[in-house]
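Okay, thanks for making time, everyone. I'll put the model up and walk through a few spots that I'd like you to look at with me.

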Amino acid sequence: MKLFIDTANLKEIKEAQALGVLDGVTTNPSLMAKEGINGKDNILKHYVDICDMVDGDVSAEVISTSFDEMIKEGEELAALHPQIVVKLPMIGDGIKACKYFSDNGIKTNVTLVFSAGQALLAAKAGATYVSPFLGRLDDIATDGLHLISEMRLIYDNYGFKTQILSASVRHTMHVVNCAKLGSDVMTGPLSSIVGLLKHPLTDSGLAKFLEDAKSFNL
Ligand code: G3P
């Protein structure tokens with residue numbers, strides 16, 4: 001399973017990249033706003049800065065909601081860098097735009113997916129990635145992981161190449177469960193990635209090994 005970081009914070013991206021296991025980055029307008037980035041030139045430059053820091057795909061989300069505007073905005077985003085993936089909302093015009101971009105060789109990520117039916121439509125439109133928001137489903141007492149398993153079944157039934165990009169991941173158990181269910185990618189905060197490192201038995205075991213190694217008198 002690919003590990004993406006869900007942030008627009010360059011320091012966090014750098015830290016995840018330094019670990020050597022980062023496969024890409026996802027952003028959204030809320031994450032960009034959180035970093036205080038504003039003005040079109042600054043926003044576009046920020047996407048390029050992120051692409052220059054990592055090796056994999058970087059999702060940049062359109063803020064248009066009509067087909068014509070999404071095409072214009074998405075083409076501008078895609079032209080920024082070969083690693084850019086155009087992130088489109090799961091609405092009718094977003095699906096039309098997804099089909100247009102996939103027909104024209106531009107990678108897409110259909111976002112704000114909350115049902116298996118939406119996931120089926122996005123795959124039919126040729127999406128490179130589809131982002132089910134599992135944490136936000138959990139927030140409303142609906143099993144987010146169940147949606148991931150439904151998507152895996154549907155995509156496997158028909159051999160869709162679309163990758164399941166589990167999003168709105170909040171913690172390490174979401175990551176582990178996404179991997180168990182066969183999600184192709186998960187995107188989460190830095191804490192959900194570095195949290196996977198931790199186990200008290202690793203720490204106590206290492207401390208004992210280092211203590212015992214003192215007898216080596218190196
Ligand atoms: O990038 C979209 C998604 O990951 C948002 O997560 O935590 O705001 O629901 P969250």
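Let's start at Lys 87, which sits in strand S4, residues 84-89. Keep in mind that this is a predicted model. So, is Lys 87 buried or exposed? Buried: its relative accessible area is 4%, and the cut-off for buried is under 20%. Where does the side chain go, then? It reaches the backbone oxygen of Thr 27, at 2.9 Å. If you skip residues up to four places away in sequence, Lys 87 touches Thr 26, Thr 27 and Asn 28, then Ser 59, Ala 60, Glu 61 and Val 62, and also Asn 109 and Thr 111.

Lys 87 also takes us to the ligand. Which residues are around the ligand? Going along the chain, you have Asp 6, Asn 28, Lys 87, Phe 133, Arg 136, Ala 167, Ser 168 and Arg 170. Sorted by class, that shell has 4 charged, 2 polar and 2 nonpolar residues. Asn 28, which we just met as a contact of Lys 87, has a polar side-chain atom 3.1 Å from a ligand oxygen. Then there are two arginines to look at. Arg 136 has a side-chain N or O atom 2.6 Å from an oxygen of the ligand, and for Arg 170 the corresponding distance is 2.9 Å. As for cover, the ligand taken alone exposes 310 Å², and the protein buries 83% of that.

Okay, on to the helices. Helix H9 covers residues 172-181, and its buried residues are His 174, Val 175 and Cys 178. Look down the axis and those residues fall within an arc of 100°, so they line one face of H9. What do they pack against? Quite a list: strands S1 (2-6), S7 (163-166) and S8 (185-188), plus helices H7 (134-139), H8 (144-158) and H10 (190-194). After H9 comes Gly 182, with a positive phi near 85°.

Now compare helix H6, residues 116-124. Here the buried residues are alanines: Ala 116, Ala 119, Ala 122 and Ala 123. They cover an arc of only 120° around the axis, which puts them on the same side of H6. That side packs against helix H5 (92-103), strands S5 (108-113) and S6 (129-132), and H8. H6 is followed by a glycine too: Gly 126, phi positive, near 85°.

One more residue, Met 186, over in strand S8. This one is buried, with a relative accessible area of 0%. Which residues is Met 186 in contact with, leaving aside neighbours within four places in sequence? From the start of the chain there are Met 1, Lys 2, Leu 3 and Phe 4; after that come Ser 166, Val 169, Val 175, Cys 178, Ser 192 and Ile 193. Val 175 and Cys 178 are two of the buried H9 residues from a minute ago. And Val 169 is 17 residues away along the chain, yet its C-alpha is 7.3 Å from that of Met 186.

Zooming out to finish: the protein has 11 helices and 8 strands. There are 218 residues, and 45% of them count as buried. The C-alpha atoms fill a box of roughly 70 × 40 × 30 Å along the principal axes. Among contacts between residues at least 6 apart in sequence, 56% join residues at least 24 apart. About 11100 Å² is exposed, with carbon and sulfur atoms supplying 57% of it. That's my tour, thanks.

Methods: Residues numbered from 1 in each chain as written. Predicted model: local features only at pLDDT ≥ 70, side-chain atom pairs only at ≥ 80, totals over all residues. Heavy atoms only, no water. Near = heavy atom within 4 Å. Polar contact = N/O pair within 3.5 Å; in protein donor to acceptor, adjacent residues only side chain to side chain. Areas by Shrake-Rupley, 256 points an atom, 1.4 Å probe, with all protein chains shown as cover. Nonpolar A, V, L, I, M, F, W, Y, C, P; charged D, E, K, R; others polar. Buried < 20%, exposed > 50% of the residue type's maximum accessible area, 1.4 Å probe, protein only. Helix = DSSP H or I, 4+ residues; strand = E, 2+ residues; numbered from the N terminus. Arc of directions from axis to C-beta. Contact = heavy atoms within 4.5 Å.
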